Every structure is written in C-alpha cells, then in structure tokens.
Amino acid sequence: MMVEMKVAGMTCGHCVKAVTQAIQALDPAAKVEVVLAEALVRAETSLTPATMAAALAEEGYRPAA
C-alpha cells in the first residue's frame with residue numbers, strides 16, 4: 001500500500017537516510033521517497049500508517065497531524 005505522511009524535523013540528507021532505513025528495517029522491500037521541501041515521506045510498503053509513524057518516532061521524527 002502507498003502511505004504518505006507529513007513528517008516534521010527532516011532537514012538534510014542524513015534525515016532522508018535515517019527515515020528510509022527506519023522504514024526498511026521493518027519492511028526491507030519498501031520503496032521510500034522523501035521530499036524535504038514538503039516535509040513528506042511517501043512509501044510503498046506493507047506497514048500500516050501507525051507502524052510507520054512509530055518507526056519514525058523512534059528515530060526522533062514527528063509525524064505531523
């Protein structure tokens with residue numbers, strides 16, 4: 001499923017890598033796209049939005065409401 005989520009606190013390439021790795025740690029087949037200018041994470045993944053949000057929160061990134 002495609003999951004799109006606004007995520008606060010992403011500012012650089014390190015953030016892109018950390019977010020991508022957090023999602024792919026739980027779903028290695030996930031295809032992740034991060035758009036820093038829009039604070040957007042888009043993932044083709046088997047994870048639920050809640051699971052993805054929890055994985056990002058563990059890395060210190062806050063899904064925006």
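With a relative accessibility of 3%, T45 falls below the 20% cut-off and so counts as buried. This residue makes a good entry point to the chain, which is described here from a predicted model. T45 sits in the loop that links strand 3 to helix 2, the latter spanning residues 49-58. Beyond the residues up to four places away in sequence, T45 touches M1, V3, I23, D27, A30 and M52. A polar atom of the T45 side chain also lies 3.0 Å from the backbone nitrogen of L47.

The surroundings of T45 are easier to place with the overall fold in view. The chain contains two helices and four strands, and these follow one another along the sequence in the pattern β-α-β-β-α-β. The radius of gyration is 10 Å, close to the 11 Å given by the globule rule for 65 residues, so the chain is as compact as a globular protein of that length. Along the principal axes, the C-alpha atoms fill a box of roughly 25 × 25 × 20 Å.

What share of the contacts between residues at least 6 apart in sequence joins residues at least 24 apart? The share is 65%. One pair of residues that are well separated in sequence is T20 and L56, which are 36 residues apart along the chain and 9.2 Å apart in space, C-alpha to C-alpha. T20 belongs to helix 1, which covers residues 13-26. Its relative accessibility is 17%, and T20 therefore counts as buried, the limit being 20%. Once neighbours within four places in sequence are set aside, T20 is in contact with V32 and V34.

Attention can now turn to the loops. G9 lies between strand 1 (2-8) and helix 1. Is G9 buried, partly exposed or exposed? At 46% relative accessibility, G9 counts as partly exposed, since that class runs between the 20% and 50% limits. Leaving out neighbours within four places in sequence, G9 is in contact with C15 and Y61. The C-alpha atoms of G9 and A39 are separated by 7.9 Å, although their positions lie 30 residues apart along the chain.

A39 itself is found in the loop between strand 2 and strand 3. The backbone of A39 has a positive phi of about 50°, although the residue is not a glycine. With a relative accessible area of 24%, A39 is partly exposed. That loop, which joins strand 2 (31-35) to strand 3 (40-44), also holds A37. A37 has a relative accessibility of 81% and counts as exposed, because the threshold for that class is over 50%. A37 and C12 are 25 residues apart in sequence, and their C-alpha atoms are 10.0 Å apart in space.

Some totals round off the picture. Of the 65 residues in the chain, 35% are buried; T20 and T45 are among them. The accessible surface comes to about 3,700 Å², and carbon and sulfur atoms account for 57% of that area. The chain carries 5 positive and 7 negative charges, and the mean positions of the two sets are 5 Å apart.

Note on methods
Residues numbered from 1 in each chain as written. Predicted model: local features only at pLDDT ≥ 70, side-chain atom pairs only at ≥ 80, totals over all residues. Heavy atoms only, no water. Rg over C-alpha atoms; globule rule 2.2 N^0.38 Å. Buried < 20%, exposed > 50% of the residue type's maximum accessible area, 1.4 Å probe, protein only. Contact = heavy atoms within 4.5 Å. Areas by Shrake-Rupley, 256 points an atom, 1.4 Å probe, with all protein chains shown as cover. Lys, Arg positive; Asp, Glu negative; His and termini not counted. Charge placed at Lys NZ, Arg CZ, Asp CG, Glu CD. Polar contact = N/O pair within 3.5 Å; in protein donor to acceptor, adjacent residues only side chain to side chain.
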